[in-house]
Amino acid sequence: MLSLSVFFPAYNDAPSIGKLVDKTFEILGQRAADFEVIVVNDGSADETAAVLVNRQQRYGPAFRVITHQENRGYGAALRSGFRAARKDFVFYTDGDGQYDVGELPKLLDQMAPDVGLVNGYKLERRDPWRRIVIGNLYNRFARLVFRIRLRDIDCDFRLIRRSLLDEIALSSTSGTICVELVRKLELSDCRVVEVGVHHYPRLHGSSQFFDSARWRRRCISYCVYT
């Protein structure tokens with residue numbers, strides 16, 4: 001009997017988050033005996049909150065919303081999601097719709113008693129060329145500095161054994177949490193498995209990937225972790 005928490009960090013994702021939640025319930029109804037779906041609304045200024053209220057009325061207690069009154073950052077949203085998860089396994093991906101939650105079964109099929117993390121990797125990155133270049137540099141730098149073996153650190157399509165999350169302490173509030181999370185999971189006694197998943201263009205909103213203040217904080221975090 002699969003016991004699974006699924007959560008999505010969301011920031012101004014009103015056009016995509018409702019459909020993502022709907023599809024998740026459809027998938028989990030077929031694959032999980034015990035599950036919950038959670039959205040962490042990280043201070044959205046659009047109609048995200050209204051969309052989530054609608055889904056709460058539709059799905060009842062199996063759907064929960066964690067609300068940050070102000071935007072705290074990606075790392076803080078993930079940490080809130082991990083803390084809220086109650087089931088034996090935890091899956092998360094972003095609320096912007098660039099990954100297809102319909103591919104979650106591919107990760108579930110790879111989970112085994114000795115596996116702690118099943119991580120997606122992008123079969124083809126569907127982003128503007130500038131983001132692709134910087135993303136590749138970011139991956140290479142993080143793998144070199146932190147000796148991470150995972151091929152695609154910033155592919156946020158992950159299935160994690162919750163007992164491992166209970167053993168590690170995460171501190172980052174920014175996008176560096178992906179490096180921190182993966183590094184600490186790789187240091188555990190459990191195996192890491194990678195699965196290719198599709199990546200889609202962003203259809204709504206704008207990425208914060210090139211926010212200069214966020215990149216400065218990332219650099220500071222790199223110095224701290226090393």
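**Exercise 1. Work out whether arginine 158 is buried or exposed, and find its charged partner.**

Step 1. Start with the relative accessible area: for arginine 158 in this predicted model, the value is 0%. Buried means under 20%, so arginine 158 counts as buried.

Step 2. Now look for the partner. Arginine 158 makes a salt bridge with aspartate 156, and their closest N and O atoms sit 2.9 Å apart.

Step 3. Check the partner the same way. Aspartate 156 has a relative accessible area of 7%, so aspartate 156 is buried too.

Step 4. Elsewhere, salt bridges with shared partners link Asp22, Arg55 and Arg58 into one network.

**Exercise 2. Find which parts of the chain the salt bridge between lysine 87 and aspartate 34 ties together.**

Step 1. Here's the idea behind it: side chains of opposite charge can pair when their charged atoms come close.

Step 2. Check the distance. The closest N and O atoms of lysine 87 and aspartate 34 are 2.9 Å apart, and the cut-off for a salt bridge is 4 Å.

Step 3. Place both residues. Lysine 87 is in the loop between helix H3 (74–84) and strand S4 (89–93), while aspartate 34 belongs to strand S2 (residues 34–42), so the bridge ties together parts 53 residues apart in sequence.

Step 4. Add the surroundings. Lysine 87 is buried at 17% relative accessible area, whereas aspartate 34 is partly exposed at 31%.

Step 5. For context, this is a structure with 14 salt bridges. Another of them joins the side chains of glutamate 103 and lysine 106, again with 2.9 Å from N to O. Glutamate 103 is buried, at 7% relative accessible area, and lysine 106 is partly exposed, at 31%.

**Exercise 3. Lay out the sheet and say which strands are at its edges.**

Step 1. Take stock of the elements: the chain has eight helices and seven strands.

Step 2. Put the strands in order. Seven strands make up an open sheet, running S3-S2-S1-S4-S6-S5-S7, with mixed pairing.

Step 3. Read off the ends. Strand S3 (63–68) and strand S7 (191–197) are the edge strands, each pairing on one side only.

Step 4. Add the twist, which averages 20 degrees from one strand to the next.

Step 5. Zoom in on one pair. S2 and S3 run parallel and are joined by six bridges; isoleucine 38 stands opposite arginine 64 in S3.

Step 6. Now bring in two helices. Helix H1 (residues 14–31) packs on the sheet, touching strand S1 (3–10), S2 and S3, and its direction makes about 165 degrees with that of S2. Helix H2 (residues 48–59) also packs on the sheet and touches S1, S2 and S3; the angle between its direction and that of S3 is about 155 degrees.

**Exercise 4. Check whether the span of H1 agrees with what its residues should give, then find what covers its buried residues.**

Step 1. Work out the expected span. The rule is 1.5 Å times one less than the number of residues, and H1 has 18 residues, so it should span 26 Å.

Step 2. Compare with the model: the end C-alpha atoms of H1 are 26 Å apart, which agrees.

Step 3. Pick out the buried residues of H1. Among them are Ala14, Ile17, Leu20, Val21, Phe25 and Leu28.

Step 4. Ask what covers them. The cover includes S1, S2, H2, S3 and helix H4 (104–108).

**Exercise 5. Decide how enclosed helix H7 is.**

Step 1. Check the buried residues in H7, including Cys178, Val182, Arg183 and Leu185.

Step 2. Draw the conclusion. Helix H7 (residues 177–186) has nine of its ten residues buried, so the rest of the structure largely encloses it.

Step 3. Set that against the whole chain, where 53% of the 226 residues count as buried.

**Exercise 6. Trace the surroundings of valine 6.**

Step 1. Locate valine 6: it's in strand S1.

Step 2. Test for burial. Its relative accessibility is 0%, so valine 6 counts as buried.

Step 3. List some contacts. Leaving out residues up to four places away in sequence, valine 6 touches several residues, among them Thr24, Leu28, Ile38, Phe91 and Leu104.

Step 4. Compare sequence with space. Valine 6 and phenylalanine 89 are 83 residues apart in sequence, yet their C-alpha atoms are 8.5 Å apart.

Step 5. Finish with the chain as a whole: of the contacts between residues at least 6 apart in sequence, 81% join residues at least 24 apart.

Key: Residues numbered from 1 in each chain as written. Predicted model: local features only at pLDDT ≥ 70, side-chain atom pairs only at ≥ 80, totals over all residues. Heavy atoms only, no water. Helix = DSSP H or I, 4+ residues; strand = E, 2+ residues; numbered from the N terminus. Buried < 20%, exposed > 50% of the residue type's maximum accessible area, 1.4 Å probe, protein only. Contact = heavy atoms within 4.5 Å. Pairing = 2+ DSSP bridges. Axes fitted to C-alpha atoms, helices over the stretch in contact; angles between N-to-C directions.
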